[in-house]
Amino acid sequence: MVFLRTSEKAGSCFIRTDQLDGETDWKLKVAVSCTQRLPALGDLFSINAYVYAQKPQMDIHSFEGTFTREDSDPPIHESLSIENTLWASTIVASGTVIGVVIYTGKETRSVMNTSNPKNKVGLLDLELNRLTKALFLALVALSVVMVTLQGFVGPWYRNLFRFLLLFSYIIPISLRVNLDMGKAVYGWMMMKDENIPGTVVRTSTIPEELGRLVYLLTDKTGTLTQNEMIFKRLHLGTVSYGADTMDEIQSHVRDSYSQMQSQAGGSNAGSTPPRKAQSSAPKVRKSVSSRIHEAVKAIVLCHNVTPVYESRAGVTGETEFAEADQDFSDENRTYQASSPDEVALVQWTESVGLTLVSRDLTSMQLKTPSGQVLSFCILQLFPFTSESKRMGIIVRDESTAEITFYMKGADVAMSPIVQYNDWLEEECGNMAREGLRTLVVAKKALTEEQYQDFESRYTQAKLSMHDRALKVAAVVESLEREMELLCLTGVEDQLQADVRPTLEMLRNAGIKIWMLTGDKLETATCIAKSSHLVSRTQDIHIFRQVTSRGEAHLELNAFRRKHDCALVISGDSLEVCLKYYEHEFVELACQCPAVVCCRCSPTQKAHIVTLLQQHTGRRTCAIGDGGNDVSMIQAADCGIGIEGKEGKQASLAADFSIRQFRHIGRLLMVHGRNSYKRSAALGQFVMHRGLIISTMQAVFSSVFYFASVPLYQGFLMVGYATIYTMFPVFSLVLDQDVKPEMAMLYPELYKDLTKGRSLSFKTFLIWVFISIYQGGILMYGALVLFESEFVHVVAISFTALILTELLMVALTVRTWHWLMVVAEFLSLGCYVSSLAFLNEYFGIGRVSFGAFLDVAFITTVAFLWKVSAITVVSCLPLYVLKYLRRKLSPPSYCKLAS
């Protein structure tokens with residue numbers, strides 16, 4: 001909405017946008033001056049005015065419109081820009097506001113930038129679905145074969161359906177139940193892991209995805225960095241001050257202000273003539289002290305920071321209290337600005353003695369080391385934009401009436417503006433290599449006439465409706481010539497704990513890391529280097545700004561010639577490349593060891609994720625911490641949110657929520673690995689369980705002239721899939737092939753997982769052969785060994801089957817857990833005890849296929865040795881094969897474990 005009026009005296013207020021764009025700082029918004037000047041609130045309804053606004057669009061950083069009041073004479077026209085608007089989903093931090101709403105519902109910027117979340121399905125589930133389809137085809141084929149062998153006698157289609165029902169155990173219905181319970185267990189393990197406290201699993205469907213990631217897309221601010229800035233370096237061309245020499249600056253500042261005071265004390269007029277003399281004389285090199293003073297003064301004046309006082313009395317009357325008593329006490333002052341860099345600079349000037357004590361739309365007050373308050377009048381403010389990469393301010397010193405134009409910005413933007421010098425470029429490079437964010441500060445003194453001329457042109461440009469931005473920029477540029485270079489500042493954005501080792505580990509694990517950030521290109525490159533996302537030895541290819549198809553073509557060709565270098569590209573250039581050369585660009589970018597995309601909008605981040613999924617078919621993971629990362633997190637196969645300073649929006653939208661970036665290492669290497677390996681083993685085992693009993697049914701039917709008669713009665717079949725084998729099979733979710741410490745120490749083990757070899761058609765076919773072999777042995781063994789007591793074939797084969805299943809679980813397990821042993825013996829106990837109970841269930845000795853068992857027979861030695869013999873024949877070869885395979889071609893994790 002357009003901001004018309006506020007209760008704050010200054011005519012401006014702050015809004016907090018942490019839920020919208022993830023920035024923790026407050027944004028200053030300005031009321032339309034025409035309506036702010038009205039004497040009373042009710043007058044808003046009595047004026048005749050209208051607002052002209054541009055059509056709804058996605059760009060969150062721009063707005064153009066005009067406010068016109070018709071009933072005044074002459075009509076008042078005011079230009080509206082982004083700073084005259086208040087946004088949805090934000091909080092007014094000071095005072096109350098009234099505005100006129102322009103965009104609602106689907107037209108708001110935040111809704112236009114969100115994408116609909118999709119339903120995420122894990123790759124493992126898709127693979128298991130494929131295998132289940134294959135099993136279904138096998139089921140149909142087997143039934144047709146049976147009917148064919150019968151010779152299509154009589155009502156053959158009825159027999160076909162009977163066979164379909166008999167063999168229906170091939171389809172693993174219990175697979176979904178087992179897997180979903182398994183996933184719940186993995187989630188519980190992740191939340192209970194002491195090494196990654198505070199982890200929350202918000203989805204129970206995709207824990208296995210964590211074990212198969214190839215691309216990790218991460219946000220920068222707040223994810224890799226802490227979003228806390230610290231002033232580290234001040235460079236004046238000849239001298240450089242670091243953290244250990246700040247006290248020198250402090251003494252210089254104190255001296256220069258005490259000198260000025262003594263001069264002013266001698267005679268008030270005496271302070272101006274020396275300056276005039278200096279400007280006409282040939283330029284004398286200023287003393288270090290005065291240069292430091294100029295630099296510090298420029299830093300403390302050129303910014304968009306507002307000091308806010310928390311009055312102890314409470315919120316009411318906060319501003320009046322502060323202004324009336326001039327209560328500029330240091331304890332309760334906090335700074336608010338649209339960028340944490342600026343706050344760091346102003347806090348630093350406070351530490352060296354020059355303090356910003358108050359600020360509103362038109363004036364600023366500074367406090368000198370001796371406690372004197374200096375006032376400056378703000379004439380114009382040119383805010384920072386991503387195109388200009390610089391900000392400027394024109395102030396008038398109220399004591400001397402001098403007008404000065406201060407500017408600060410990125411070195412690329414500032415170097416053509418300042419006077420010629422030989423050190424700027426080199427020093428910027430040095431600071432960037434240390435991972436500092438650099439800003440160049442410059443100034444220019446203006447005469448009253450120069451300023452008046454500028455102001456009239458500037459106001460005119462601001463009212464134009466067409467190409468307003470260009471016209472305004474042109475006017476401002478007329479001032480930006482031959483400015484005097486004052487200093488270069490370096491601010492450090494501290495990395496989160498253990499970011500470097502974590503990124504190193506992920507790289508060794510074969511994961512390609514892309515950094516998508518809304519930040520400036522220079523800063524993004526700095527952080528990429530300091531976090532070792534790009535290793536020291538690697539070249540960085542900075543993709544030039546391209547606007548047309550031809551430029552994009554040339555630039556892509558230039559990039560293609562480079563090998564093994566990291567790519568840094570800005571959002572606009574990326575948009576152009578994707579428009580014309582999508583396939584080529586993605587192909588080239590995927591070969592890079594690291595990619596940094598800067599100045600990305602939330603929608604672009606999500607777009608990059610979907611591109612990677614479409615072009616590479618690999619699994620992607622997005623990690624972020626702010627509202628601006630939500631689209632990306634929802635688009636990725638697996639989204640991880642960090643609970644940071646920027647609210648909980650990302651962590652609530654994500655599939656997994658963690659507290660710190662470094663936790664991601666353990667989440668992937670240990671939990672991702674285990675979830676995938678365990679689910680693969682569990683899925684295949686459940687399939688094997690169904691196949692083996694179907695094989696036995698097939699053998700049974702073929703021996704008895706293809707009769708479609710069930711081998712086991714209903715209760716046994718139900719018991720088989722649930723009570724007798726459920727616990728041991730499910731205990732596979734406790735299995736682990738390597739210890740967590742090992743998995744963290746050798747991240748290279750993770751590479752094997754991304755190839756998806758734990759569950760593939762190859763492993764599936766191996767299990768099918770095992771099932772057919774075991775089923776055949778069990779049935780034929782039972783028939784061969786029990787020629788005489790054929791009545792008991794069911795009892796024998798079923799007992800052998802249960803034993804075989806329990807032994808197979810033992811064969812599959814890689815690391816024993818005490819619960820597994822309990823499960824094995826529990827199941828065996830259940831079976832043995834149920835023999836007596838089922839005996840009554842069937843009635844003794846009904847000589848039919850349903851005749852189950854005879855207690856007297858079970859206790860004979862013959863029964864025991866025959867059952868043991870069948871079980872040994874069905875399992876021993878597999879044990880031998882497994883042993884040989886471990887000896888001859890052990891998997892990589894065994895080599896490490898030994």
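## Two helices side by side

How do the axes of helix α13 and helix α14 cross, and within what distance do they come? In this predicted model, helix α13 spans residues 448–463 and helix α14 spans residues 468–479. Their axes come within 8 Å and cross at roughly 165°. Angles over 145 degrees count as roughly antiparallel, so α13 is roughly antiparallel to α14. The crossing of these helices is left-handed.

If you would like to find the contact in the viewer, start on α13 with F454, R457, Y458, A461 and K462. On the α14 side, the contact is made by R468, K471, V472, V475, V476, S478 and L479. By residue type, the contact of α13 with α14 comprises seven nonpolar residues, four charged ones and one polar one.

## Aromatic pairs

How many aromatic pairs does a search of the whole structure find? The search finds 17. One of them joins F163 and F167, with ring centres 5.8 Å apart and planes at 15°. Planes under 30 degrees apart count as stacked, so the F163 and F167 pair falls into that class. F163 is buried, with a relative accessible area of 0%, and F167 is buried too, also with a value of 0%.

The rings of F382 and F405 are arranged edge-to-face. Their centres are 5.8 Å apart, and the angle between their planes is 90°. This pair links distant parts of the chain, since F382 belongs to strand β17 (residues 373–382) and F405 to strand β19 (residues 403–409). The two residues are 23 apart in the chain, and both are buried.

## A cluster that reaches α13

Which residues do ring pairs link into a cluster with F382 and F405? They are Y451, F454 and Y458. Two of these names may look familiar: F454 and Y458 are also among the α13 residues that make the contact with α14. Helix α13 covers residues 448–463, a useful range to select when you look at this part of the cluster.

## Around S701

Is S701 buried or exposed? S701 is buried, with a relative accessible area of 1%. This serine lies in helix α22, which runs over residues 663–703.

Leaving aside residues up to four places away in sequence, S701 touches M146, F163, F706, A707 and V709. F163 in that list is the phenylalanine that stacks with F167, so this is a handy place to move from the serine to the stacked pair.

How values were computed:
Residues numbered from 1 in each chain as written. Predicted model: local features only at pLDDT ≥ 70, side-chain atom pairs only at ≥ 80, totals over all residues. Heavy atoms only, no water. Phe/Tyr/Trp six-rings, centres within 6.5 Å; stacked < 30°, edge-to-face > 60°. Buried < 20%, exposed > 50% of the residue type's maximum accessible area, 1.4 Å probe, protein only. Helix = DSSP H or I, 4+ residues; strand = E, 2+ residues; numbered from the N terminus. Axes fitted to C-alpha atoms, helices over the stretch in contact; angles between N-to-C directions. Parallel < 35°, antiparallel > 145°, perpendicular 65-115°, else oblique. Left-handed = near helix turned anticlockwise from the far one by under 90°. Contact = heavy atoms within 4.5 Å. Nonpolar A, V, L, I, M, F, W, Y, C, P; charged D, E, K, R; others polar.
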